[in-house]
Each structure stands twice: as structure tokens, then as C-alpha cells.
Amino acid sequence: MNPTSTSFSRRGFLGLAAAVAAIPALAACTGGSPSGGGGGGAVKFWDMPWGTPAYNEAAKKVTEAYAPSSSNLKASYQIIQWNNFYQTYSSAIASKTGPAVSTGGGFQAFQFEQQGAIAYADGVIDALKKNGMYDDFLPGVLDPFKSDKGYIAVPWQLDMRVFWYRKSLFEKAGVAPPTDWNGILEAGKALKKIGAVGFATGAGSGNFFANHVAIQMMLNNGGGVWSPDGQIDVMNDRNLEATEFLYELVSNGIIDPGAVSYTNDNLQAQWKDKKAGYGSYAAGLDNSIGDTSGDLVVAPVVAGPHGDKATLVFPNNIMMYKNTPSQESSDAFLVYYLGQIKQFWQQNLLGSLPVFKSITELPEFAGNPNNVKVIKEWQPIAKTFAARGAALNANHAVLDGGQAISQFAQSVITGTGDAKTALKAFETGLKAVVKS
Amino acid sequence: MTVTTNGLAKARRGVAPGGSGQPLKRNSTSPLKAQRTRTFLWLLLPSVLLLLLINGYPLVYAAIQATHNGSLIDTGEFVGLDNFTSVLTSPALWKAAGFTLVFTIVGVFGSWIVGLGLALLLKTRIPVRGLFKILLLLPWVVPIVVSSTAWNWLLGTPQSPIPALFNAVGLGSPLFLANPTLAAVTVCVFKVWVSFPFMMMMSASALASVDSTVYEAASMDGATKWQQFTQITLPLSARSTYISWILMTIFCVNDFPTIYLLTGGGPVDATTSLVVFAYRTVFQNFQTGQGVAVAFLMTLTLVVVSVILYRQIRKSSVE
């Protein structure tokens, strides 16, 4: 190796090193190449994999079957994977190649609205009022989307957290399903004695159920992360009480010590293998793990120590973007699409809950007693991340899945420190990232 | 011994047997030579421009984002070096930097030791050596999503095979991914497992380039196997070793999937590396500027480390 070639290689190598090292930054920052805006003669509808591939096939058929009136455009369908979905949407919107209408993350509409990319759905709401669908919405599901400027998106399904229990394990443990926090504690102790998990949750890679149950318990105690006027209010007495209760479950061994590392697959396996006796999970767990034997049952609503009853819900929504070939066409397509979604429940393609009363009354949906119980008992008490405020906003995206809540939930379910310290760290972390 | 030493020194300089070891004299002022150099540079120019564009544009764009407070869509307001100040004063960053350091040291040297050991083993006459070579490459070849899922299945819950095995032999039921210390150890071991085939290949190619007559000569001079390893094998493969260290350092520092898929950076940030920290900052906390600032700091660190290691390469080449 002669000196000349050595110095040449050195520069080349350092360039390579810098390029490789910059990959995370670049992956995070580069946008897609501009290629023609949001239309191209059709309303582009981007949809996520909400269920099995059969769901997306059905959704595609619905989209392609759309026959607009003469003045409106047709629609095209595209699946966007959950993996890096926010990056996908951001890049597409920045390069004006994004959709005109889309489903997506629960708070995505609010984030893009803050950045001026969302078209308000007031026209759609007016049309729904005219065709009668507006009155078909379940109570309260539309309210979180209303802002001073208009409706930011339109809900189409609900992802709700409810308590589930395994009947056979409760019978074996000789306890009844809990109806209050003390009942959760006692049932948990009894389940532990028979080797079952008394409060199943998980906080492993990509699993946010522990985050959600922490907030769910706060709401269930009349607390919440936000004040009624939308300011951060983590350190209130109700939240502290709820957090202390979770610590008590940990100290009694009712929450599995390994839960902090459980992925969603691990957690589902616990339910499927009849290891989990009781715990919070999404509505539709029975279908998700393929156990419709009647042994896995939605538990009764529990009351907090002060008698409060509440649970957590994520209203998944369909949003429209300003980058559209025709706003009227976007509006018209969305109205059409909302009118067609009942077939997804008729075909049992979605595990989530519908937002329309008429769908909850369909025999295909109401035939499952767990669905009926969720709609009858849990839906009326469901609150969003915005509680104790009402309207959702972009800050809730920072709460959902952010570092602050993940660290809080992981501290709690591993019993690290104490409730007050964990809450304080949660508040500090949240304040550092929330835009006032 | 003197003859052998001279032979080694020549071999390290890449001098053919019987050669003088002196560089060839070249007439650098020849017009033909100058013309060739100009042609060479002109031919090189398009590639250089392309590389500058590919590497330069994203770097400039990232620099803009690191000095602004916007999002992925909107650049936002210019904030100077505020993002760098914020991340550098964050205890979470230093915790992530600490884990990155441990992860990198274990990843680089762990995989090198295992890889070199296996390369030496495969150099000996063992049955079905070819099959072993293929099998040993599998951890590197299998997609990380598959291998992390497999490891999670093996370790994830108390009912998983390995914790169950520990339990069966009376060692309790260790929570490999739930206990912060054990999770950090597991992630590092996983990295070594994923990376040793690369190091094995690098070491095998370096070992293959060492002339077997050098070992024969050393044997005749009475050198033991250990002396041959430390005095011949390691020095003669040093250049290749340093290059593999540089590459593996870059792989480890930038490794996102190995950590994120296995532990997500948890529990309680115990396995959060700088790249996971940067990802979370951008995509979970939506603080694009700060996340990109972290990536810039990583780049700077890697360049410094690469320069230091590169000097070692040059030193070993001169020796």
C-alpha cells in the first residue's frame, strides 16, 4: 500500500463513514420526490391495514365501485403500511403527492391540521345531516373532532380499552369478576394463587397497552392528563391515587413482572394460553385471538374509589387534505364511503367498534354478546386522551406513544420508584414536548 | 530469526520475495503523466458530483432541520444551536450515549473475538467445513425482523423456552427482556450473534492472505502456536482487523432494528441507544430538530472514531 493510495482511501472512507452515520437523520428528514400533486384525475384514498388483508380488499372494492355524480371525480385506493406511516404521510404531504382522503393514526389529522394540511370536514357533516347519518352517530363520538375552525376529521371506528376476564380461571380461583378497584385487587390475589395473571398488560416493543391502562385507570378515577381547558394536569390527586393503585398491584405480584417486555404477540399469547385471567385490552380481543368459545368475556365496568366510571377510547377517523384535485369530490367520496362501511362489520372484517348505531344493531355485530356489552356498558363512559378536556388536538399525539408516557408506564409496571416520582417525571417529560 | 523477521517486514509492506523494498522511481513531471491525470480527474468528476449530490443534499437539509424548530412538513423557525443545547443538556441523551458505548464496545469486540475464533477454527481441517461455513453465516443472512422475533419467542416471557429451561434446572425464571440489566446484556449478546459472521468473513479473508510459509518458517524457528498467533496472525491481519472494527463501529452505533425490535429501547430506557433516542425524538415526540441534532452529533462522533482507527490502519501498514 503506497502513501498516495492510502490518503485517497482515507478521504473516501471518511465520506462513507459520514454518509452511513447520517442515515438516521436523512431517513428522518428526506421527503419524497414531487410527482404531480394529490389528484391526477381521481380522489386518492389512502387506507391502513385495519384488519386482515380481506379488509383492504373489501375497502378497495368499495372505493373502486364509487360512481360519482357527473361533476365529481372518481376515487383510487392505496394501502399504506403502519410501519413508518407518519413519515410516509409527512413526506407525501410535503412533496404534494399525498392523498386527498385517508384513514391513519388516531391523532394524525390533528397533527396535519396544525401544519395547515387538513381540509375541514364541515361539508361532509352537512351532507350527513341531510342524509340522516349524522343522527346515527353513537353519542359523543363526533365531539372530539370539532374545533373553532371546523370538523378536523370524521370518526368511522372506535378502538376502545375494556377489561376482559377468563371465566374458567375466575371459577377456578373462586372469585367473581370485579366491579371496583378493591375487587380487582382481591381477584388478582386469588388469580395469582392459581398461577394466573391478575392484571395482564404489556409494554414491550411496539406495545402501548401499558401506556393506555395507566391513563385508563386515571380516567376511571375521575382524573386525566389534561385540565378541562386543555393544560397539562398530571399531578392531581386522582391521578396519584390511580398510580398508587397500579403500584399496589405490582407489589402484590398481580401485574406480571415480565409485562414490561411483552410485545403485543406476547400479551395475546398470555390471553390465548389461558395464562391471563383479567386485564385491559382492546374491544374485539376474542376475535383477535380466535377465542369465541364464551370463556373470554368482557368484564363489568369497574368503579373507582370515588365511584367514578370511565374508560379510554381512540376514535379512528377519516381525514381530508387540502391537496386535492377537487374538495367537492373529496367531500362526496367521504360521504359515500361512510355510507358503505357497515359491510366491513357485516363481513366480520374489523375487530374495532363501529361509530354508527345502525351498525351496532346489525345481527353480525350484535350476535356477539361481548360486542353488545361493550356498546351498552362501556361506550357510554368512554373518554378520549383529551379528558378532562373535550376536543382532541395535536398534543395528544405527543402523549400517545411518546417517551414520557412510555417511561412512566414502564416505571409503574416494574415498580420502579414510587407513584409521586413517576408522575412527576411524566409531567416533566410531557411539558418538555408539548407545544402550548 | 533475522531472515524471518525481514521476510515478515517485507510481507507487511507488500514486497514480493526478492524485491528491494524501495518504491519505484516515477517521472511525475512527464507531460503524458499530467495528461493522464487530467483525463482521470475529468472521468472521475461526474461520480464525485453525483456523490456530493446524494450525500450533500440530505446533509444540508438535515442541517437546516437541526437548526429549526419545525416538523417533517414545515421547517419552522430558525433557533440556532438551541436544539443541540437542549439535547446535550438532556440526561436521557447521556444515558443513551452510555448504552451506545457499551453496545458498540461489546458488539465490535465480542463479534470480532467470536468471528476470529471461528475463522481460525474453519482454517483447520474439520469435517463438513463448507456446511459449517454456510450455517455460521445464517445469523447475518437472516432478516433481523425474523431473528429478533425468534429471540423474543425464546426469551420474551417466563414460559418461553430459555427461561423455562433455567427454571427447570433450578436457576429461577430470569426476565431476560424485562430486567434492565439483563435486557442490556441480552441486546448486546444478540448483536454479537447477529454480527459475528461478518467478522468471521473479514478474519477468514485476512487469514487466507497470510503466506503459509511464514508459519512454516516460524515453526522451524521454534515458535509456539500462541507465539505464531500473537506475532504473525494478529500483526499480519491487523489492517483487515482495523477496517472491520471501523465498519462494525458504524454498524453498531447506527443499529436501530436490533435494539428496537427486541426491546423497543426499554425497559425504562435501559437499552435506548442514540439512534433509538433520535428516532423516538423525531417520530414519537415529534421534535424533528432535536432528533436530527442527535443524528448530527452521532455523525461527528463516528467521523472522529473513524479517523482514530484509520490512523491505526496507516500505522499498521507502515509497520
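In this predicted model, the domain assignment splits chain A in two: domain 1 covers 42-159 + 314-382, and domain 2 covers 160-313 + 384-433. Each domain is thus written as a pair of sequence segments. Taken over C-alpha atoms, the centres of domain 1 and domain 2 of chain A lie 28 Å apart.

The contact between these two domains of chain A draws 25 residues from domain 1 and 25 residues from domain 2. On the side of domain 1 of chain A that touches domain 2, at least two residues each come from helix 5 (108-114), strand 5 (154-166), strand 8 (311-321) and helix 17 (369-378) of chain A. Helix 17 of chain A is the biggest contributor to that side, supplying 5 residues. By residue class, the side of domain 1 of chain A facing domain 2 comprises 12 nonpolar, 8 polar and 5 charged residues.

Turning to the interior, the largest nonpolar core contains 196 residues, and A:Val154, A:Ala214 and A:Leu334 have the most contacts inside it. Helix 8 (residues 180-208) of chain B gives the most to this core, with 12 residues. Both domains of chain A take part as well, with at least three residues drawn from each of domain 1 and domain 2.

A:Val154 makes a handy point from which to look around this region. Once neighbours within four places in sequence are set aside, A:Val154 is in contact with A:Ala121, A:Val124, A:Phe145, A:Asn317, A:Ile318, A:Leu334 and A:Leu338. One of these partners, A:Leu334, is itself listed among the residues with the most contacts inside the core.

Key
Residues numbered from 1 in each chain as written. Chains lettered and ligands numbered in written order. Predicted model: local features only at pLDDT ≥ 70, side-chain atom pairs only at ≥ 80, totals over all residues. Domains from an automatic or database assignment. Contact = placed C-beta atoms within 7 Å. Helix = DSSP H or I, 4+ residues; strand = E, 2+ residues; numbered from the N terminus. Nonpolar A, V, L, I, M, F, W, Y, C, P; charged D, E, K, R; others polar. Core = buried A, V, L, I, M, F, W, Y, C linked by C-beta atoms within 7 Å. Buried ≥ 20, exposed ≤ 12 C-beta atoms within 10 Å, placed from the backbone.
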